Amino acid sequence: MDIRNFVIIAHIDHGKSTLADRFLELTKSIDKRKMQEQFLDQMDLERERGITIKMQPVTMKYEVNDKEHILNLIDTPGHVDFSYEVSRSLAAVEGAVLLVDASKGIQAQTVAHLTTAVEQGLKIIPAINKIDLPGAQIEETENEILELLISLDSDAERIHKISAKTGEGIEELLADVVKTVPAPRIDIKKPLRALIFDSVYDDYQGVITHVRVLEGEISPGTDIFFMGSKEKSESKEVGIFSPQRVKRKKLQAGDIGYIVGGIKEIEKANIGDTITTVKNKATEPVAGYRQPQPVVFSTIFTKEDSAFEDLRDALNKLKLNDASLYFEPESSPVLGRGFKSGFLGMLHMEIILERLRREYDLDLLVTSPSVAYRVYLKSGEEETIFSPSQFPDPSEIEKTEEPWAHLRVITPPEYMNNVMKLLKTIRGEYADTEYIGKERMRINYEVPLADIISDFYDNLKNTTSGYGSMFYEIAEYREEDIVKMDILLAGDEIPALSRLVPREKAQSEGRKVAEKIKEVLPPEQFAVAIQAAIGGKVIARETKSAMRKDVTAGLYGGDYSRKRKQLEKQKKGKKRLKEQGNVELDSETLMKIFQ
């Protein structure tokens, strides 16, 4: 049987998961009674947010001209924070369906993924989706795709016009996948080489590796060897995704499937490693993946110190199928033991924290997100600082540097002025502007990473009515005067809210944080002073009013002095509470502050 391995790549909300649903229906891979929207999005979080977070492989059977074909599809995420998921899936296939929304056109993340796919030599099949929408700009989108492919020295025989919602054009698109995507080279006589592109942990079976078999074959009961970790084991079970796991007697070159190897130690089956056999070892491993670099850092604590080991175990299991997650132990005199953690962006951080709460029932406390700063001390030492708690005494610092990024913003021309106004609200340097077709332009900017990791993406979407998109990559480190800003609630310093900021933005940032805390902080029985301070000097202040109770509700008629006595008594009580009370922040309030 012929095999075709391919992915769907597109920007967020351009219809990848809906197109995957139509493929599953067309190939009759899912019983109609079991079919539901976003079928391959298995996590509750994916369904709630309407986005793909984890890549999901599926094997389908499809008949063309009385010949049966095996189609291995990997549905990929579209958000910038999950680019690493896409890069891994691209290494496991020979072709890619490039999906572009007819009403939104080419987006920044699409360009980034397409560039990687072309560099890896994948066959590109372009498709314009949502042609049934009233605002569809089919001809303009087609020209944008053609110009983009030409700029990347790539081509396409045909650009499909489809509607993943109604099913229009889907059958022709799938037939084109069979026709134009190259079949994998199949050599089962060579020693086994299987690339691990993803994995999950099962409490009973241990690590279940998701693999693309490039050479050789493997059956249950085979003694296997992990070339990176040097670990030996035995394959207990092999199979494919349909989309649930289905056992098979063997996997061979060209297949995408899974191997249950009985590995219990998570670090011994890393993503990017190569599996071979003990008896007939391969001489060279498959080229793995470039390790992703976290850009947002925060420290995660549990509210109960006894849950520290549970948090470690949970992070280890999440890292198994998310190699971009970084963490290492850290302790705080106030918050206890926790893990300094690194993420690819704020959405990535939010998803990991939500999974820790839901899947592992952990009650968390999280510090303010930060980027990684380089600090050069007068002693000649150099330190990389991830959190405010690590920041040295200012008298010991020679200079500090912060990461800068290449920012690419794609927008329709009518929103150009809005985007430029937004860019002027952050620090940065304008590079140039270029057109991608008549209806899309790309603005190139150099910016400090700290200015775009938080709410810049949301502001860009609001500014461009949802049509703008962005992509960034780390460029270099530049010198900047960085200070530690402390946040005090009712006079008590809250370490979780401390942050590192450029001195020139400290006052405005302090006011912004104080206002945000006032907005989301639940009211107490007493007025809460919210202060931002640098080196003990208060630079911004807000006050959260006390929760009021109507203490005179039960008094009817009579002398007004009775009501006044009750009000005075309440006033004295609140004053006493203000002097003695403290503010407890839960993890939900903290995340609202950070968002």
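Which residue takes a positive phi in the hairpin of β21 and β22? In this predicted model, that residue is G380, with a phi near 100°. The hairpin has four residues between its two strands, and its surroundings are picked up again below.

First, a look at the chain as a whole. The fold draws on both kinds of regular element, with 13 helices and 31 strands. Of its 595 residues, 55% count as buried. The chain exposes about 27500 Å², and carbon and sulfur atoms supply 45% of that area. Sequence distance is worth a glance too: take the contacts between residues at least 6 apart in sequence, and 69% of them turn out to join residues at least 24 apart.

Back to the hairpin. Strand β21 covers residues 373–377, and β22 covers residues 382–385. The two pair in the antiparallel sense over four bridges; R374, for example, has T384 of β22 as its bridge partner. On its other pairing, β21 is joined to β23 (residues 397–411) by four bridges, and these strands run antiparallel as well. Here V375 of β21 is matched with T400 of β23.

The side chains of β21 can be sorted by face. In a regular strand, side chains alternate between the two faces of the sheet. In β21, Y373, V375 and L377 make up a covered face, while R374 and Y376 sit on an uncovered one. So to speak of the bridge partners again, R374 belongs to the uncovered face and V375 to the covered one.

Next come two helices. Helix α1 spans residues 16–26 and helix α6 spans residues 170–180. Their axes come within 10 Å and cross at roughly 80°, which means that α1 and α6 are roughly perpendicular to each other. On the α1 side, the residues that meet α6 are L19, R22, F23 and L26; on the α6 side, they are I170, E171, L173 and L174. By type, this contact divides into six nonpolar residues, two charged ones and no polar ones.

Finally, is K544 buried or exposed? This lysine lies in strand β31 (residues 537–544). K544 counts as buried because its relative accessibility is 16%, and the cut-off for buried is under 20%. Leaving aside neighbours within four places in sequence, K544 is in contact with K518, E519, L521, P522, P523, F526, A527, V528 and I530. One of these, E519, is 25 residues away from K544 in sequence, with 8.3 Å between their C-alpha atoms.

Definitions and conventions:
Residues numbered from 1 in each chain as written. Predicted model: local features only at pLDDT ≥ 70, side-chain atom pairs only at ≥ 80, totals over all residues. Heavy atoms only, no water. Buried < 20%, exposed > 50% of the residue type's maximum accessible area, 1.4 Å probe, protein only. Contact = heavy atoms within 4.5 Å. Areas by Shrake-Rupley, 256 points an atom, 1.4 Å probe, with all protein chains shown as cover. Pairing = 2+ DSSP bridges. Axes fitted to C-alpha atoms, helices over the stretch in contact; angles between N-to-C directions. Parallel < 35°, antiparallel > 145°, perpendicular 65-115°, else oblique. Nonpolar A, V, L, I, M, F, W, Y, C, P; charged D, E, K, R; others polar.
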